[in-house]
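This report describes helix packing, strand pairing, salt bridges and the nonpolar core of one protein chain. The sequence and the structure come first.

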Amino acid sequence: MNEFARLKQEDRRLVILRTMAEDSAYGVNEYVLRRVLDTMKHTVSADLLRTDLRWLEEQGLVVTEDVAGTVVAKLTTRGLDVANGVVVVPGVQRPMPEI
């Protein structure tokens, strides 16, 4: 993977985590995530999004479940820490400070 692709992947994963952190129940379905990613100029296939969600789950950052054929992801406490920049996980971009 080239440097640009790696940077995009890391940013995309951060966007996913931050989107879930903004939800009152800390959970979002794959269709909402794809729309949010698209607004952030990360247009991705359903397969790529599901791959990212599986990777995030392997890292203990989200849990997923299949609800009537739709993947629903929920943020873990560790995932919230990563979304807020409290914990750093290689493979997820660290958020920039808000000034």
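## Charged pairs

Glu 10 counts as buried, since its relative accessibility is 14% and the cut-off for buried is under 20%. The model is a predicted one. The salt-bridge partner of Glu 10 is Arg 6, with 2.7 Å between the closest N and O atoms. Both residues belong to helix α1, and because they are 4 residues apart there, about one helical turn separates them. Arg 6 has 30% relative accessibility and so counts as partly exposed. The pair is also part of a network of salt bridges that links Glu 3, Arg 6 and Glu 10.

Side chains of opposite charge can pair when their charged atoms come close. How many salt bridges does a search of the whole structure find? The search finds 5. The table gives three of the pairs, including the one just described.

| Pair | Closest N to O distance |
|---|---|
| Arg 6 and Glu 10 | 2.7 Å |
| Arg 13 and Asp 52 | 3.3 Å |
| Glu 30 and Arg 50 | 2.7 Å |

Arg 13 and Asp 52 form a salt bridge with their closest N and O atoms 3.3 Å apart. Arg 13 sits in helix α1 and Asp 52 in helix α3, so this salt bridge ties together parts that are 39 residues apart in sequence. Both Arg 13 and Asp 52 are buried.

A salt bridge also joins the side chains of Glu 30 and Arg 50, at 2.7 Å from N to O. This pair links distant parts of the chain, with Glu 30 in helix α2 and Arg 50 in helix α3, 20 residues apart. Is each of the two buried or partly exposed? Glu 30 counts as buried because its relative accessibility is 2%. Arg 50, at 27% relative accessibility, counts as partly exposed.

## Helix α2 and its surroundings

Helix α2 spans residues 30-39, and its buried residues are Glu 30, Leu 33 and Leu 37. These residues cover an arc of only 55° around the axis, which is why they lie on the same side of α2. The face turned away from that buried side carries the exposed residues Arg 35 and Thr 39.

What covers the buried residues of α2? The cover includes α1 (3-22), β1 (27-29), α3 (46-58) and β3 (70-75).

At the N-terminal end, α2 is capped by Asn 29, which has a side-chain oxygen 2.8 Å from the backbone nitrogen of Tyr 31. After α2 comes Lys 41, whose phi is positive, near 65°.

Thr 70 belongs to strand β3. With a relative accessible area of 16%, Thr 70 is buried. Neighbours within four places in sequence aside, Thr 70 is in contact with Asn 29, Glu 30, Tyr 31 and Glu 65. Asn 29 in this list is the residue that caps α2, and Glu 30 is one of the buried residues of α2.

## The β2 and β3 hairpin

Strand β2, residues 62-67, pairs with β3 in the antiparallel sense over 6 bridges. One of the bridge partners is known by name: Val 62 is matched with Leu 75 in β3. The hairpin of β2 and β3 has 2 residues between the strands, and Ala 68 in this hairpin takes a positive phi near 55°.

## The nonpolar core

The largest nonpolar core has 22 residues. Which residues have the most contacts inside it? They are Ile 16, Leu 17, Met 20, Leu 53, Leu 56 and Val 92. At least two residues of this core come from each of α1, α2, α3, β3 and α4 (77-83). Helix α1 supplies the largest share, 5 residues.

Residues up to four places away in sequence not counted, Leu 53 touches Ile 16, Leu 33, Val 62, Thr 64, Val 71 and Ala 73. Among them, Leu 33 is a buried residue of α2, and Val 62 is the bridge partner of Leu 75.

Leu 7 lies in helix α1. Its relative accessible area is 41%, so Leu 7 is partly exposed. The C-alpha atoms of Leu 7 and Val 92 are separated by 8.9 Å, although the two residues are 85 residues apart along the chain.

Note on methods. Residues are numbered from 1 along each chain as its sequence is written. This is a predicted model: local features need pLDDT of at least 70, side-chain atom pairs count only at pLDDT 80 or more; totals for chains, interfaces and linings use all residues. Side-chain values use heavy atoms; hydrogens and water are left out. Buried means under 20% relative accessible area, exposed over 50%, partly exposed in between (1.4 Å probe, protein chains only). The arc is that of the directions from the helix axis to the C-beta atoms. Contact means heavy atoms within 4.5 Å. A polar contact is a pair of N or O atoms within 3.5 Å; within protein, one must be able to donate a hydrogen and the other to accept it, and residues adjacent in sequence count only if both atoms are side-chain atoms. Two strands pair if DSSP finds at least two bridges between them. A salt bridge is a side-chain nitrogen of Lys or Arg within 4 Å of a carboxyl oxygen of Asp or Glu. A nonpolar core is a set of buried Ala, Val, Leu, Ile, Met, Phe, Trp, Tyr and Cys residues joined through side-chain atoms within 4.5 Å.
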